[in-house]
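Dear colleague,

I am handing over the structure we spoke about, with the sequence alongside. Please have both open while you read the notes that follow.

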Amino acid sequence: MKVVILGAGIAGLSAGYHLKQKGIESVIYEKDSTWGGLCGNFVVDNFLFDKAVHLSFAKDKYVQDFFADSTELIKHIPVAYNYYESKWLRHPAQNNLAPLDSDEKVEIINDFIENKNTKRRVNDYADWLIAQFGEVFATKFPFKYTRKYWCKEAQEMGVKWLESAAGSRFYKPNMKEVLKGAFETQDFNFYYAKEMRYPKSGGYKSFFKKAQKECNIAYNKEVVGIDSKEKILYFKDGTNDNYDKLISSLPLPLYADLLSLRNVTGGGGG
């Protein structure tokens, strides 16, 4: 059985590595000249930059051990803050309202107490945030964060992803905690990430060296079309290849476009 994986980022490398642990060989096709994907990096004037900001805060022991086996790492306890109206509030803001002016704290707390949306029908992420924290707080903090971080309005996002994230990443304080955090600076760290880890060298992708060493990766192989019926991949360089099982780590919109075969310009032998 010929197993092909698209993309040599964290998902593709993990798939290839764990298949090999089960005795199944695979080949990973990567469009770039190196592995790493969105967890990769680049160098400018001898300075290494990650493609995006990444820090590991995984609590799963298997993941922690896997990363530690791949590279030496640095650990630190994170102290996160929110910058709001020229003030710094420790994260999560709902537990750390002390720096705000009295009128604003009263407005937020009063809305938190009188929140009539706790049982509202949740159709999107905005509904969920309002139901949890009240409309005043949701508008002032998580709505703005969502706009900046996700580049989307909260109303444009669904809620299925919350099924796994809500329990660990969204802290909903009780009334006593809200009031205490409004009157005094909190020493306790309510932030869900209790420890951050980063490789000592090589950037974030170094966490996946263990997987990369076990994978068969073909570089500079950009897929431009997929014939799912005949099980053929078409590449930008004019070649093609067949497969029995296909694992894709590509963005779903891109994968859907490749299945349409609109980008296929023909191909030679694989």
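A question to begin with: in strand E2 (residues 26–29), are the residues on its two faces buried or exposed? Before the answer, please keep in mind that this is a predicted model. Both faces of E2 are covered, since Ser26 and Ile28 on one side are buried, and Val27 and Tyr29 on the other side are buried as well. E2 also has a pairing that can be followed in the model, for strand E1 (residues 3–6) runs parallel to E2 and is joined to E2 over four bridges. Within that pairing, Ile5 stands opposite Ile28, and Ile28 is one of the buried residues of E2 named above.

Further along the chain there is a hairpin, which is formed by strand E6 (residues 81–84) and strand E7 (residues 87–90) with two residues between them. The two strands pair in the antiparallel sense over four bridges, and Asn82 has Leu89 in E7 as its bridge partner. In the turn, Glu85 has a positive phi of about 50°.

The helices come next. Two packed helices are described by the angle between their axes and the distance between the axes. For helix H4 (residues 125–133) and helix H6 (residues 142–149), the axes come within 11 Å and cross at roughly 150°. Angles over 145 degrees count as roughly antiparallel, and therefore H4 is roughly antiparallel to H6. The crossing of H4 and H6 is right-handed. On the H4 side the contact is made by Tyr125, Ala126, Leu129 and Ile130, and on the H6 side by Pro142, Phe143 and Thr146. Sorted by character, the residues of this contact comprise six nonpolar, one polar and no charged.

Last, there is an open sheet of three strands, in the order E10-E11-E12, with antiparallel pairing. Strand E10 (223–227) and strand E12 (240–242) stand at the edges with a single partner strand each, so one side of each is left without a neighbour in the sheet. From one strand to the next, the twist of this sheet averages 20°. Strand E11 (residues 232–235) is paired with E12 in the antiparallel sense over three bridges, and in that pairing Ile232 has Asn242 of E12 as its bridge partner.

With best regards

Definitions and conventions: Residues are numbered from 1 along each chain as its sequence is written. This is a predicted model: local features need pLDDT of at least 70, side-chain atom pairs count only at pLDDT 80 or more; totals for chains, interfaces and linings use all residues. Side-chain values use heavy atoms; hydrogens and water are left out. Two strands pair if DSSP finds at least two bridges between them. Axes are lines fitted to C-alpha atoms, for helices over the stretch in contact, and angles run from 0 to 180 degrees between N-to-C directions. Angles under 35 degrees count as roughly parallel, over 145 as roughly antiparallel, 65 to 115 as roughly perpendicular and the rest as oblique. A crossing is left-handed if the near helix is turned anticlockwise from the far one by less than a right angle, and right-handed if clockwise. Contact means heavy atoms within 4.5 Å. Ala, Val, Leu, Ile, Met, Phe, Trp, Tyr, Cys and Pro count as nonpolar, Asp, Glu, Lys and Arg as charged, and the others, Gly among them, as polar. Buried means under 20% relative accessible area, exposed over 50%, partly exposed in between (1.4 Å probe, protein chains only).
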